[in-house]
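Work through these exercises with the structure open beside you. Try each task before you read its solution.

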Amino acid sequence: MILVTGGAGFIGANFVLDWLTQSDESVINLDKLTYAGNLQNLASLEGDSRHIFVHGDINDQQKIATLLREYQPRAIIHLAAESHVDRSIHGPEEFIQTNIVGTFRLLDTVYRYWKEQEGKTQQAFRFLHVSTDEVYGSLSKDAPAFTEVHRYQPNSPYSASKASSDQLVRAYHHTYGLPTLITNCSNNYGAFQFPEKLIPLMIVNALAGKSLPIYGDGQQIRDWLYVKDHCSAIRRVLEAGTPGETYNIGGWNEKPNIEIVHTICNLLNELRSADYHKLIKYVADRPGHDRRYAIDARKIERDLGWRPVETFETGIRKTVKWYLDHQDWVASVQSGEYRKWIETHYQEHVG
Ligand code: NAD
Ligand code: DAU
């Protein structure tokens with residue numbers, strides 16, 4: 001079996017659901033259930049003995065050691081993290097504790113478990129660390145996209161904490177020989193994404209008739225990847241990646257934020273026959289806002305034969321439809337904590 005951390009979050013839940021449609025290999029899912037973790041995302045697995053959910057923190061080394069001893073997983077897929085840049089600007093501490101200290105504790109416990117394995121089992125073991133393109137910093141408009149050897153230049157507390165965790169994973173391979181893999185991926189979108197991130201926030205705000213807050217001039221560029229494509233890339237890296245290597249994962253879909261929001265409005269106009277563009281509102285910029293990210297995903301294509309399946313046009317249509325069809329999910333994640341975050345954060349941006 002495999003052990004997934006953060007499997008109740010956005011990418012983690014998609015990964016677990018996807019894994020169990022592709023394979024009969026069981027998944028232990030270790031998740032702290034922070035505001036971003038939601039067991040409803042995994043409701044379709046109720047009664048499925050292949051999914052073992054464990055409520056816990058990656059900082060809890062004793063719990064992890066017990067789990068490893070009990071279940072003897074052949075691989076760890078490490079997704080658990082604090083993931084929202086704006087929250088890291090408001091309160092970096094939790095990002096340091098989970099993304100850096102938590103990754104260190106998980107790595108160290110896994111290393112001790114791996115050391116006790118023998119022969120082929122030890123050789124075949126993998127620790128796959130899921131990271132982000134934000135560790136590379138910001139690109140100018142015409143600069144070439146990030147390759148795996150691009151200099152690390154993180155600019156936010158979130159990206160700095162992810163960069164630190166990448167370096168720890170690298171060190172555990174280099175020093176102790178732990179068979180690690182690192183993936184650095186661009187912006188994901190799709191079902192179950194918490195509506196604090198750009199795409200789901202714009203969809204749920206539009207449906208509620210609320211303004212669509214665009215930071216700064218809206219010309220910041222991100223590369224967008226449909227979440228199921230990210231899941232298939234992770235599976236492929238786990239299956240065929242070379243230990244010690246890093247693989248950049250991207251969608252070949254660079255777009256300015258304002259274009260993303262116009263596309264969402266167009267789709268909602270079509271599906272709901274109303275004018276959503278009028279809700280667009282330019283607000284104060286994010287401090288230290290990275291101007292452009294772009295992923296050069298040729299290595300994973302060349303070495304592992306992986307390419308994304310969805311175009312932005314097909315993926316965003318599926319995503320908008322998913323949010324329209326799952327308004328009960330949206331309502332249930334918009335709890336007191338969510339409302340508090342939206343109020344305090346966007347009050348600052350509007351000024
Ligand atoms: P998310 O915030 O939706 O989910 C994070 C999950 O981790 C939640 O279920 C949460 O409960 C859990 N978690 C948090 N702290 C924990 C802890 N201390 N112990 C155990 N579980 C804990 O995040 P996401 O968007 O699904 O991102 C998953 C991973 O992918 C992160 O490592 C993130 O850095 C990386 N990533 C995300 C994107 C993206 O666009 N969302 C892109 C590239 C990489
Ligand atoms: O690049 C990968 C990263 O993508 C992941 O590592 C992070 O976990 C994930 O959150 C995401 O980070 P971003 O900061 O790029 O995503 P976010 O959805 O917060 O913002 C996308 C862009 O949209 C960014 O330029 C900021 C802008 N934005 C965001 C929000 C929430 C707005 O203009 N208005 C908003 O209200």
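**Exercise 1. Find the residues that come nearest to ligand 1, then its polar contacts.**

Step 1. Of the 28 residues around ligand 1, the nearest are Ile11, Asp31, Ser83, Tyr158 and Lys162. A residue counts as near if one of its heavy atoms lies within 4 Å of the molecule.

Step 2. Look for polar contacts (pairs of N or O atoms within 3.5 Å; within protein, one must be able to donate a hydrogen and the other to accept it, and residues adjacent in sequence count only if both atoms are side-chain atoms). A polar backbone atom of isoleucine 11 lies 2.8 Å from an oxygen atom of ligand 1. A polar backbone atom of isoleucine 58 is 3.0 Å from a nitrogen atom of the ligand.

Step 3. Turn to a side chain. In serine 83, a side-chain N or O atom is 2.7 Å from an oxygen atom of ligand 1.

Before going on, note the ground rules. This is a predicted model, where local features need pLDDT of at least 70 and side-chain atom pairs count only at pLDDT 80 or more, while totals for chains, interfaces and linings use all residues. Residues are numbered from 1 along each chain as its sequence is written, chains are lettered from A and ligands numbered from 1 in the order in which they are written, and side-chain values use heavy atoms, with hydrogens and water left out.

**Exercise 2. Do the same for ligand 2: which residues are the closest?**

Step 1. Ligand 2 is surrounded by 25 residues. The closest are Asp133, Tyr158, Arg286, His289 and Tyr346.

Step 2. Check the side chains against oxygen atoms of the ligand. For arginine 222, the distance from a side-chain N or O atom is 2.9 Å. For arginine 286, a polar side-chain atom lies at 2.7 Å. For tyrosine 346, a side-chain N or O atom is at 2.6 Å.

**Exercise 3. Describe how H7 packs on H9.**

Helices here are DSSP runs (H or I, at least four residues; strands are E, at least two), numbered from the N terminus.

Step 1. H7 spans residues 198-207 and H9 spans residues 257-272. Their axes are 10 Å apart, at an angle of about 40°. Axes are lines fitted to C-alpha atoms over the stretch in contact, and angles run from 0 to 180 degrees between N-to-C directions.

Step 2. Name the arrangement. H7 is therefore oblique to H9. Angles under 35 degrees count as roughly parallel, over 145 as roughly antiparallel, 65 to 115 as roughly perpendicular and the rest as oblique.

Step 3. List the contact (heavy atoms within 4.5 Å). H7 brings Leu198, Ile199, Met202, Ile203, Ala206 and Leu207, and H9 brings Asn257, Ile260, Val261, Ile264, Leu268 and Arg272.

**Exercise 4. How do H4 and H6 pack?**

Step 1. H4 (residues 93-116) and H6 (residues 157-176) have axes 8 Å apart and an angle of about 15°. So H4 is roughly parallel to H6.

Step 2. Contact residues of H4 include Phe95, Ile96 and Asn99, while those of H6 include Tyr158, Ser161 and Lys162.
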